[in-house]
Amino acid sequence: MAHKFEIYKDKAGEFRVRFKYNAETIFSTEGYSSKTSAQNAIDSIKKNGPDAPTEDNS
């Protein structure tokens, strides 16, 4: 699979999520105190992302 979500612990000990396409990180989230919260962020992105509008501020 070329794309995936990764949950990892940062240097501060918080859980973060990054979305990767091939080996490139496309985005990363804020830090969460629990792995469950990080998984909830992934679930929210999957649920709400497909219908999210694009805001062009250029």
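Hi everyone, let's start with one pair of residues: Arg 18 stands opposite Ser 28, which is in strand β3. Keep Arg 18 in mind, as we will come back to that residue. Before going on, please remember that this is a predicted model.

Let me give you the overall plan. The chain has three strands and one helix. If you read along the sequence, the order is β-β-β-α. The C-alpha trace spans about 35 × 25 × 25 Å along its principal axes. There are 58 residues in the chain, and 21% of them count as buried. As for the outside, the accessible surface comes to about 4,600 Å², and carbon and sulfur atoms hold 48% of that.

Now the strands, starting with the pair we opened on. Strand β2 covers residues 15-21, and with β3 it pairs in the antiparallel sense over four bridges. Those two strands form a hairpin with two residues between them, and in that hairpin Asn 22 takes a positive phi near 55°.

How many bridges join β1 to β2? There are seven, and these two strands also run antiparallel, with β1 covering residues 3-9. One example you can find on the screen is His 3, whose bridge partner in β2 is Tyr 21. β1 and β2 make a hairpin too, this time with five residues between the strands. Look for Gly 13 in that turn, where phi is positive at about 85°.

Here is a handy thing to remember when you look at strands. In a regular strand, side chains alternate between the two faces of the sheet.

Next, the salt bridges. The count for this model comes to four. Let's build a picture around Glu 6. Its side chain meets that of Lys 4 in a salt bridge, at 3.5 Å from N to O. Lys 4 counts as partly exposed because its relative accessibility is 42%. Glu 6 also meets Arg 18, our residue from the opening, in a salt bridge at 2.7 Å, N to O. Glu 6 is in strand β1 and Arg 18 is in strand β2, so this pair ties together parts of the chain that are twelve residues apart in sequence. Arg 18 has a relative accessibility of 24%, so this residue counts as partly exposed.

Then there is Lys 20, whose side chain meets that of Glu 6 in a salt bridge at 4.0 Å, N to O. This pair links distant parts of the chain as well, with Lys 20 in strand β2 and Glu 6 in strand β1, 14 residues apart. Are Lys 20 and Glu 6 buried or exposed? Both of them are buried. Put together, salt bridges that share partners join Lys 4, Glu 6, Arg 18 and Lys 20 into one network. If you are wondering about the chemistry, side chains of opposite charge can pair when their charged atoms come close.

Let's move to the nonpolar core. Which residues make up the largest one? There are six: Phe 15, Val 17, Tyr 32, Ala 38, Ala 41 and Ile 42. Strand β2 and helix α1, residues 35-48, each supply at least two residues of this core. The largest share is from α1, which gives three residues.

Ala 38 is a nice residue to click on. Leaving aside residues up to four places away in sequence, Ala 38 touches Ile 7, Phe 15, Val 17 and Tyr 32.

Just before Ala 38 you will find Ser 37, which also has its place in helix α1. Ser 37 counts as partly exposed because its relative accessibility is 28%. Ser 37 and Arg 16 are 21 residues apart in sequence, and their C-alpha atoms are 9.2 Å apart in space. On contacts across the chain, take those with a separation of 6 or more: residues 24 or more positions apart account for 13% of them.

Last stop, the surface. Tyr 21, Ile 26 and Phe 27 form a nonpolar patch there, and together they have about 280 Å² of accessible area. You met Tyr 21 earlier as the partner of His 3. Ile 26 sits in strand β3, which covers residues 24-28. With a relative accessible area of 46%, Ile 26 is partly exposed.

That's my tour, and thanks for listening!

Conventions:
Residues numbered from 1 in each chain as written. Predicted model: local features only at pLDDT ≥ 70, side-chain atom pairs only at ≥ 80, totals over all residues. Heavy atoms only, no water. Patch = residues over 30% accessible without salt bridge, like charges linked within 9 Å, V, L, I, M, F, W, Y side chains within 5 Å. Areas by Shrake-Rupley, 256 points an atom, 1.4 Å probe, with all protein chains shown as cover. Buried < 20%, exposed > 50% of the residue type's maximum accessible area, 1.4 Å probe, protein only. Pairing = 2+ DSSP bridges. Core = buried A, V, L, I, M, F, W, Y, C linked by side-chain atoms within 4.5 Å. Contact = heavy atoms within 4.5 Å.
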